[in-house]
Amino acid sequence: MKTTKYLSAYPAELQQKIQRLFEQNRVADYLRSQYPSVHSVATDGDLREYAMELKNQYMKKTAPLSKVVYDNKIHVVSNALGLHTYVSRVQGGKLKAKNELRVSSVFKRTPEPFLNMIVVHELAHLKEKEHNKAFYQLCRHMQPNYHQLEFDVRVYLTHLEDVGPVYEP
């Protein structure tokens, strides 16, 4: 198992616990017991609606999103699960800004809490650009179970890469 890739920031004892689950071929069972089914947010339009509902619930006063899409080009290997971009353009005499949110297409077939964690993370970047204390407070405000979900997503990604899919198509 390549725990160092996705789980290296976690304590050694936690990494060892996950390593034992991998050795016993029980990681997929663990994930399916915690998160039994995949979400139904299948299209870019569905994803936009999903992200906008969260944004409107928790971050009404932030800049609007011009684009929300699943992106096949985001490679989880580069430690990117989603991207937020802020594009500024000059149109006439005005400066126009566009916020875009892109989610790796790896998350099209995952449990809804995993998708939620990724979208919450990217939405938080609209307000807090850095991964600092304020950023994680905002993530926990939108998703109180944020840190557990982030850990489980990392376990899921390790399984996906080392063993294969957890949730069959």
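## A viewer tour, starting from the rings

Start by selecting the aromatic side chains: the count comes to six aromatic pairs. Keep in mind as you click around that this is a predicted model.

**Stop 1: Y136 and Y146.** Select these two and look at the rings. They form a tilted pair, with 6.1 Å centre to centre and 55° between the planes. Y136 lies in helix α6 (residues 133–142) and Y146 in helix α7 (residues 146–162), so the pair ties together parts that are ten residues apart in sequence. Turn on a surface and compare the partners: Y136 is partly exposed, with a relative accessible area of 21%, while Y146 is buried, at 0%.

**Stop 2: Y156 and Y167.** Here is another tilted pair, this one with centres 6.3 Å apart and 40° between the planes. Y156 sits in helix α7 and Y167 in the segment after α7, so this contact bridges parts that are eleven residues apart in sequence. Both Y156 and Y167 are buried. Now add Y35 and F114 to the selection: ring pairs link Y35, F114, Y156 and Y167 into a cluster.

**Stop 3: the whole chain.** Zoom out and switch to cartoon. The protein chain has seven helices and three strands, and along the sequence they run α-α-α-α-β-β-β-α-α-α. Colour by accessibility next: of the 169 residues in the chain, 43% are buried. The chain exposes about 9,600 Å², and carbon and sulfur atoms supply 49% of that area. If you draw a contact map, take the contacts between residues at least 6 apart in sequence; 65% of them join residues at least 24 apart.

**Stop 4: the nonpolar core.** Which residues touch the most other members of the largest nonpolar core? Select V103, L115, V119 and L123; those are the ones, out of 45 residues in that core. Then highlight helix α5 (residues 112–127), which gives the core its largest share, nine residues. As background, nonpolar side chains in soluble globular proteins tend to be buried together.

**Stop 5: charged pairs.** Side chains of opposite charge can pair when their charged atoms come close. In this model the count is three salt bridges. Begin with D71 and R102, whose closest N and O atoms are 3.3 Å apart. This pair links distant parts of the chain: D71 is in strand β1 (residues 65–71) and R102 in strand β3 (residues 94–104), 31 residues apart. Are D71 and R102 buried or exposed? Both are buried.

Leave R102 selected and add E100. E100 also forms a salt bridge with R102, with the closest N and O atoms 3.2 Å apart. Like R102, E100 is buried. Through shared partners, the salt bridges join D71, E100 and R102 into one network.

Now move to D29 and R32, another salt bridge, whose closest N and O atoms are 3.1 Å apart. The two residues are three apart in helix α3 (residues 27–34), so about one helical turn separates them. D29 is partly exposed at 46% relative accessible area, and R32 is partly exposed too, at 35%.

**Stop 6: N25.** Finish with a backbone check. Select N25 and read off its phi: near 55°, a positive value in a residue other than glycine. N25 is in the loop between α2 (12–23) and α3. With the surface still on, you'll find N25 exposed, at a relative accessible area of 65%.

Key:
Residues are numbered from 1 along each chain as its sequence is written. This is a predicted model: local features need pLDDT of at least 70, side-chain atom pairs count only at pLDDT 80 or more; totals for chains, interfaces and linings use all residues. Side-chain values use heavy atoms; hydrogens and water are left out. A nonpolar core is a set of buried Ala, Val, Leu, Ile, Met, Phe, Trp, Tyr and Cys residues joined through side-chain atoms within 4.5 Å. Buried means under 20% relative accessible area, exposed over 50%, partly exposed in between (1.4 Å probe, protein chains only). Helices (H or I, at least four residues) and strands (E, at least two) are DSSP runs, numbered from the N terminus. A salt bridge is a side-chain nitrogen of Lys or Arg within 4 Å of a carboxyl oxygen of Asp or Glu. Contact means heavy atoms within 4.5 Å. Accessible areas come from the Shrake-Rupley method with a 1.4 Å probe; for residues, only the protein chains shown count as cover. Rings of Phe, Tyr and Trp (its six-membered ring) pair if their centres lie within 6.5 Å; planes under 30 degrees apart count as stacked, over 60 as edge-to-face and the rest as tilted.
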